[in-house]
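Subject: Structure handover

Hello,

Here is the structure I promised to pass on. My notes follow below it.

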Amino acid sequence: MSKTLFIKTKTQREWLEKLLPLEESFKSHSREIDEEAKFPSENIQALVNIGYTKLTLPKSYGGEGISVTEMIFLQETIASFDGTTGLSIGWHQGVVAELYEKKLWDETTLSMFAEEVLNGALVNRVASEIQTGSPTRGGRPGTSAVKKDGKWVISGTKSYATMSPALTHILITAWVEEKESIGVFLIDKNASGVSIQENWDVIAMRGTASHDLVLENVEVTEENLVELNAGPRGDSINGWILHIPACYLGIAQAARDYAVQFATQHSPNSLNGPISQLPNVQRLIGEIDIELLKARHFLYSVAEAYDDESRRPLLTNELGVAKHIVTNSAIKIVDKAMRLVGAKSLQLSNPLQRYYRDVRAGLHNPPMDDMTISKLAQTAIAEFNND
């Protein structure tokens, strides 16, 4: 199933041509990344080297200012090569885009940080904590920031610091008692008191290096307090989080392609030709492609609505629903691909078993399914009550 229907800009075509030469290399490392829980440093550096990490920086700051639609197309492509690489670099792309689109910082800080990004800096938000769970649920962070001798002193432990080996900068949340608010601090990863506790030991997305980030009396200046936020981040509309479902769509596409190739090439001696001639196999392929079409069309439709500033204010729950539909469709797609391939799909040498595990990680990326469904219901009820 071709994605060419969704190529609408020169940027998409040009960057697809730049990414395709990386496909073989990225795919060749995927098994090692998974089995050894090894961060794909070479892949990430390759993307930095070709300028990929500058794409979501606006043109006025030296980047290319790509749209959400363009981003998800490219993110989906990378994830079809290697899911770990796709999810990891997607966080940087999304964070940078949101910062500049919403002007979350003062102009001096934005200009300064743009120079860092142009020089290869990589950033991610690290807001989750074991005790508070996902920040989208509004929990107050246990990490604290206290003013001492004119500097902020930050201490605490954050979880899910994805891409931790490659990050140069980290945006962490901390409770600022002095301001009775949640503060966001921009921290250099090499700052004194910052360390990574290498404890990422999971069955899915094993190479993302989403370790714990430990902050022990980390001192930063007033300028490093870049945001104050009294409420949960999940309340704001941010189209750039669509890099998450784009990643799982890419993995699903890879699973689909493997299954179809297998069906057209596998010819047991009980048949006069490949298994692709069997009605039950064709049914599985058809069901897979229905799920892919449903997920891709919904995702790109929502992205295009967000990119259209006249339609963006009309969005309510669509971003969360896009993530819900794509993630759950990806799980169905990989499951059906494994049914098609049979017991061979369970072999550790077979990529399908990795895809099967990796797509399930999407259930635990924000926003969670229960929140999305609940918000849909609340919106429908509120609209009825207001009529």
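Ile 154 touches a long list of residues, among them Thr 143, Ile 172, Phe 185, Leu 215 and Val 220, not counting residues up to four places away in sequence. Contact here means heavy atoms within 4.5 Å. Ile 154 is also one of the residues with the most contacts inside the largest nonpolar core, which has 93 residues. The others named there are Ile 172, Phe 185 and Leu 340. A second, separate core of 16 residues includes Trp 105, Ala 114, Val 117 and Leu 171. A nonpolar core is a set of buried Ala, Val, Leu, Ile, Met, Phe, Trp, Tyr and Cys residues joined through side-chain atoms within 4.5 Å. Buried means under 20% relative accessible area, exposed means over 50%, and partly exposed lies in between (1.4 Å probe, protein chains only). In soluble globular proteins, nonpolar side chains tend to be buried together.

Some ground rules. This is a predicted model: local features need pLDDT of at least 70, side-chain atom pairs count only at pLDDT 80 or more, and totals for chains, interfaces and linings use all residues. Residues are numbered from 1 along each chain as its sequence is written, and side-chain values use heavy atoms, with hydrogens and water left out.

Now the strands. Helices (H or I, at least four residues) and strands (E, at least two) are DSSP runs, numbered from the N terminus. Two strands pair if DSSP finds at least two bridges between them. Strand 7 (residues 211-220) is mostly covered, with seven of its 10 residues buried. Strand 3 (residues 151-161) pairs with strand 7 in the antiparallel sense, over seven bridges. In that pairing, Val 153 stands opposite Glu 219. Strand 6 (residues 194-197) also runs antiparallel to strand 7, joined by four bridges. There, Val 194 stands opposite Leu 215.

Two backbone angles deserve a look. Tyr 160, in strand 3, has a positive phi of about 60° although it is not a glycine. Tyr 160 is partly exposed, at 47% relative accessible area. Met 163 lies in the loop between strand 3 and strand 4 (169-176). Met 163 is not a glycine either, yet its phi is positive, about 70°. With a relative accessible area of 0%, Met 163 is buried.

On to the helices. Helix 5 (residues 83-101) has 19 residues and should span 27 Å at 1.5 Å a residue; its end C-alpha atoms are 26 Å apart, which agrees. The expected span is 1.5 Å times one less than the number of residues. Of the 19 residues in helix 5, 18 are buried. Helix 7 (residues 243-265) reaches 33 Å from its first C-alpha to its last, close to the 33 Å expected. Helix 7 is largely enclosed by the rest of the structure, because 17 of its 23 residues are buried.

The charged pairs come next. The structure holds 20 salt bridges. A salt bridge is a side-chain nitrogen of Lys or Arg within 4 Å of a carboxyl oxygen of Asp or Glu. Glu 101 forms one with Arg 312, with the closest N and O atoms 3.9 Å apart. That pair links distant parts of the chain: Glu 101 is in helix 5, and Arg 312 is in the loop between helix 8 (279-307) and helix 9 (318-341), 211 residues apart. Arg 125 bridges to Glu 227, with a closest N to O distance of 2.9 Å. Arg 125 lies in strand 1 (residues 123-126) and Glu 227 in strand 8 (residues 225-229), so the pair ties together parts that are 102 residues apart in sequence. Arg 125 is buried at 16% relative accessibility, and Glu 227 is buried at 10%. Salt bridges that share partners join Glu 98, Lys 102, Arg 125 and Glu 227 into one network.

Which buried residue has no salt bridge? Asp 358, in helix 10 (residues 351-360), is buried yet has none. The nearest side chain of opposite charge is Arg 354, 4.7 Å away. Lys and Arg count as positive and Asp and Glu as negative; His and the chain ends are not counted.

One last item. The peptide bond from Pro 366 to Pro 367 is cis, with omega near -10°.

Best wishes
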